[in-house]
Amino acid sequence: MTKTITLIFLLLLSIAVNAQQKAITGKVTDIGGLGIPGVTVQFKGTSTGTITDIDGKYSIPMNQGILRFSYIGFVAQEFPITNQTTIDVLLLEEAKALNEVVVIGYGTAKKKDISTSISVVGEKDLKDRPITSPAQALQGKAAGVQVTSPSGKPGQALSVRVRGSTSIEASNEPLYVVDGVITSDISSINSNDIASLSILKDASAAAIYGVRGANGVVIITTKTGEPNSQSLKFNTYFGVSKLRKTVDVLGTKDYRTLMDEIYKQNYNWTNYTDWSKEVFGTGYDQSYQLSASGGKDKFNYYVSGGYLGNEGIVKPARFDRYSFRMNLDNQVNSWFKIGTNINIVRSKKKDTPDNASSGRGGVIMSTLNTPPFLHTYQGEGTTGYILNDTTHFDPNPFQPSWENPIAYMSGPKQETIDDNVSGSVFGEVSILQDLKFKSRLGVELNHHQWDYYLDPFRTVYGRQQHGQGQSDKSANQYWTWENTLDYAKIIGKHNFAAMVGNSLEKNTFSDSYLYGTGFPSDLNVTKLNAANTITGNTTAYQWSGASFFGRLAYNYNSKYYLTMSLREDGCSKLNHKWGTFPAISAAWRISSEDFMKSLSFIDDLKLRAGYGTLGNSNDIPPYTKYGLIDYVRQTGSNTPGSYLSSMGNKDLRWETTTQTDVGFDLTMLNSRITFAFDAYLKTTNDLYLNVIWPSSSNLPNLMTNAGSMENKGLEFDLNTVNLTGKLKWTSNFNISFNRNKIKSFKYQDVAYYGRIYSNNQDVIILKPGLSLGSFYGYVADGVDPATGDMKYKDVNNNGIFDPNDRTIIGNAQPKFTYGFSNNLSYGDFNLDIFFQGSQGNDIYNATRIDLEGMFDSKNQSTDVLRRWTPQNTITDIPRAIGGGNTKNVQNSSRFVEDGSYLRLKSISLSYKLLGNKLKVKGIKNLSLYVTGENLLTFTKYSGFDPEVNAYGNDAVQLGVDYGTYPQARTVIVGLNVEF
């Protein structure tokens with residue numbers, strides 16, 4: 001009996017001991033999957049607790065209640081405990097939530113204290129992607145910011161619109177400020193050097209930049225060294241690109257049948273050249289960057305050097321960039337800080353001509369239109385044929401001046417070289433504890449050179465001109481000097497901040513252009529001075545500006561906010577030199593009110609409202625207020641002549657944009673959900689418009705203030721933390737709606753743009769009540785079964801077909817644009833998926849005019865196989881007409897297509913080979929990644945790509961496709977090493 005009692009006692013004791021040893025274990029990580037050491041893990045209301053080890057792991061005895069995870073700088077997490085034995089926790093940095101420091105105009109502020117509309121794109125949004133220009137990082141990442149790539153050509157400038165376009169004649173691109181200095185070109189910035197991009201979207205945020213801020217402001221902050229640390233990083237990637245889709249054209253047999261039908265001949269061609277295979281090849285992308293950063297004894301540094309190379313899918317297009325950056329700052333003593341930012345870049349670019357017909361040098365149109373029976377070179381395929389530098393490209397028997405695409409690609413030798421040096425030096429003095437003075441001197445120097453040589457042998461045009469050479473050289477110098485005085489004071493619950501400043505700036509530009517023909521037969525002699533006939537011209541100008549500005553911000557207990565700013569700008573471009581640009585914004589943190597206390601799931605709720613006035617004179621010629629005379633030397637005369645090149649307007653004023661914005665910011669569930677909403681109304685008055693005189697007057701255009709325009713819209717931005725366990729998942733979705741409308745014109749009722757070469761008609765109309773990018777033409781009404789010709793609706797019901805039957809046939813403005821990104825991480829694996837799209841925009845596919853017109857000898861698309869014939873009278877493709885007759889290809893709704901698309905813009909999978917677990921001496925982190933760009937595109941558009949514009953980043957001539965260099969699919973493999 002005693003033994004039995006003893007055994008039972010020992011058994012119960014063993015169970016109790018085991019129960020006491022039962023524990024909860026897990027790992028605490030940040031958003032990047034790294035373990036966080038030193039996190040306090042404690043049962044709420046008790047003394048039972050522990051901290052995480054160096055890898056972020058913890059173990060705590062099992063207990064009932066609420067387990068709390070907290071760490072300075074991170075949002076605390078709480079978990080009710082039932083029977084869990086493993087809890088992995090993701091802690092979000094407070095900087096990622098409300099305490100994030102955001103760069104604003106001439107300063108910084110915590111995100112929670114901002115009363116204006118600002119979007120931030122961080123370093124992680126640029127990571128592991130083949131980004132040539134920082135503007136690419138904005139696409140689909142910020143609500144209200146529309147970024148389009150008008151062409152897939154390497155080095156092509158992107159179009160960036162912040163809350164729509166506000167001007168017709170002036171620039172619509174935002175103002176770019178890099179490390180406090182205004183810059184004209186951000187393509188020279190290495191994306192690996194960028195720490196963040198802040199987009200000031202509403203007038204109350206951007207008004208501090210006055211006359212330069214009407215189109216929004218993008219503030220780019222580059223990386224700096226971290227105090228008491230040292231880091232050496234190497235980043236590289238290599239990738240290949242291919243054409244996303246093809247456009248099918250006729251083979252030799254079907255082309256021969258079509259030409260027999262048009263020219264009433266019996267042709268017997270048999271050779272077949274697939275020009276698409278000859279032209280569209282494989283592109284290559286590569287990048288290498290080495291950077292060093294750190295800080296010691298109040299001195300911080302960041303130094304980097306890099307090379308980026310992008311070879312296009314259609315030769316010879318390529319872009320090469322060599323870059324060097326150095327950012328230094330030194331806290332000399334307790335009251336004085338000095339620093340400098342220097343960026344040196346050389347870029348080289350070779351062009352592939354596009355956006356032009358096959359008869360005017362357009363490679364893409366020539367690829368589709370060149371007869372398939374032609375060889376690449378004359379005599380190719382014959383016995384003894386030798387390819388050399390004097391071999392002729394095979395001429396077109398129908399139009400000898402129309403070269404084949406290989407001739408357009410390979411005939412000329414051309415290259416653009418741009419050298420850019422930009423930077424600044426600053427000093428900051430702490431006069432008092434709350435009073436600081438900062439002075440910054442910034443410069444940007446650009447040297448541009450373009451050289452072109454077409455030999456006198458291989459191409460028809462080259463033989464006609466006995467060789468041709470061109471050269472363009474320009475230099476641009478810009479400097480700015482800014483001084484600011486900042487004051488900040490906290491008195492109890494009252495927070496005050498004030499800033500006053502002034503800036504001076506000056507820009508000087510010069511350009512020289514030479515054109516020569518009649519080169520010697522020696523192909524080694526390519527310099528322009530060898531030409532028999534040389535002509536040229538020169539251009540030079542300068543402008544300067546001065547500004548005075550200030551801002552006053554107040555908040556009471558981080559609950560009620562009021563910010564006011566005022567800027568006075570003067571510029572030499574205008575006779576009315578000075579303009580005043582005020583702004584005001586307010587915010588109310590509702591979540592701090594007592595009546596919100598019961599809504600514990602709401603972390604933060606803030607209402608915002610703002611109003612401001614902005615100006616715009618960007619890209620306006622500096623001597624517009626004067627009438628200018630150009631001097632030219634007449635042919636055969638040594639006496640120069642002259643003509644009036646521009647009419648002056650001394651009454652010209654700033655374009656002025658006023659904007660009202662209301663919105664709110666919401667954070668819920670311990671920062672797992674953040675949501676931002678904005679509604680805005682932008683009105684631009686005193687629009688710059690050119691008055692066009694009757695052609696008989698021979699007068700140049702006159703620029704005037706003669707119109708108004710409106711943009712209004714809604715923006716939604718949602719961020720969520722979906723999973724926080726071993727599998728972590730975060731998402732961002734943003735969507736923007738913008739409606740653009742021309743409100744009034746003063747001196748004219750309508751204007752036309754977008755001339756299509758093949759039918760010699762304009763397709764874009766500007767008219768009050770319409771938006772920019774409105775397509776204008778006839779309404780196609782099918783093919784007449786009796787004649788085979790296109791029918792067009794009699795819109796004005798006058799019983800005849802005439803130009804007055806033209807009407808609005810489409811609109812290039814999207815109904816909305818959106819972006820959806822997801823980040824998933826599991827262990828050492830990380831997956832980023834980014835979708836981007838546009839909905840409701842039309843594209844005028846002018847390429848089809850040359851591919852379905854059948855009015856001359858151009859090759860056609862396979863769609864013409866269903867053309868009207870006496871045996872096929874019910875169809876949507878008219879008859880082959882020939883003779884250059886374009887009546888069946890009038891600008892009409894026939895060529896308007898839905899340009900909506902959803903694109904898998906980027907997907908990236910990375911794996912950390914070395915880091916948290918596996919260590920190698922000398923290597924801190926090592927990761928490998930694979931990224932795909934433009935892998936999937938869902939669209940109904942029949943052309944190469946729906947993200948297109950033949951007129952580049954023109955805000956008026958939108959959505960036209962006329963042989964534009966297409967986007968490509970790209971796959972890269974990259975490596976990131978930190979030593």
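The following dialogue asks how certain labels on this structure are justified.

Visitor: What kind of model is this, and how are residues numbered?
Guide: This is a predicted model, where local features need pLDDT of at least 70, side-chain atom pairs count only at pLDDT 80 or more, and totals for chains, interfaces and linings use all residues. Residues are numbered from 1 along each chain as its sequence is written, and side-chain values use heavy atoms, with hydrogens and water left out.

Visitor: Why is the pair Asp665 and Lys606 called a salt bridge?
Guide: A salt bridge needs a side-chain nitrogen of Lys or Arg within 4 Å of a carboxyl oxygen of Asp or Glu. The N to O distance between Asp665 and Lys606 is 3.9 Å, so the pair qualifies. The whole structure holds 47 salt bridges.

Visitor: What makes Asp665 and Lys606 a tie between parts of the chain?
Guide: Asp665 sits in strand β32 (residues 655-668) and Lys606 in strand β29 (residues 602-616), so the pair ties together parts 59 residues apart in sequence. Strands here are DSSP runs of E, at least two residues, and helices are runs of H or I, at least four residues, numbered from the N terminus.

Visitor: Why is Lys606 called buried, and which label does Asp665 get?
Guide: Buried means under 20% relative accessible area, exposed over 50%, partly exposed in between (1.4 Å probe, protein chains only). Lys606 has 2%, so Lys606 is buried. Asp665 has 22%, so Asp665 is partly exposed.

Visitor: How do you know that Arg608 and Asp661 form a salt bridge?
Guide: Their side chains meet at 3.7 Å, N to O. Arg608 lies in β29 and Asp661 in β32, so this pair joins parts 53 residues apart in sequence. Arg608 is buried at 5%. Asp661 is buried at 1%.

Visitor: Which residues are joined into one network by salt bridges that share partners?
Guide: Arg163, Lys201, Lys606, Arg608, Asp661, Asp665, Asp678 and Glu715.

Visitor: How do you know that Asp805 has no salt bridge?
Guide: The nearest side chain of opposite charge, Arg806, is 8.8 Å away. Lys and Arg count as positive, Asp and Glu as negative; His and the chain ends are not counted. Asp805 is nevertheless buried. The side chain of Asp805 reaches the backbone nitrogen of Val795 at 3.1 Å. A polar contact is a pair of N or O atoms within 3.5 Å; within protein, one must be able to donate a hydrogen and the other to accept it, and residues adjacent in sequence count only if both atoms are side-chain atoms.

Visitor: Why is Phe829 called partly exposed?
Guide: Phe829 has a relative accessible area of 43%, so Phe829 falls in the partly exposed class. Phe829 is found in strand β45 (residues 829-839). The C-alpha atoms of Phe829 and Gly33 are separated by 9.0 Å, although the residues are 796 apart along the chain.

Visitor: What makes β23 and β24 a pair?
Guide: Two strands pair if DSSP finds at least two bridges between them. Strand β23 (residues 435-454) and strand β24 (residues 468-491) have 20 bridges, in the antiparallel sense. Asp451 stands opposite Ser471 in β24. β24 also pairs with strand β25 (residues 494-517), antiparallel, over 24 bridges. In the hairpin of β24 and β25, Gly492 takes a positive phi near 65°.

Visitor: What is called a nonpolar core?
Guide: The term means a set of buried Ala, Val, Leu, Ile, Met, Phe, Trp, Tyr and Cys residues joined through side-chain atoms within 4.5 Å. The largest core has 36 residues; Ile219 is one of those that touch the most other members. Apart from this core lies another, of 34 residues, including Leu258 and Phe280.
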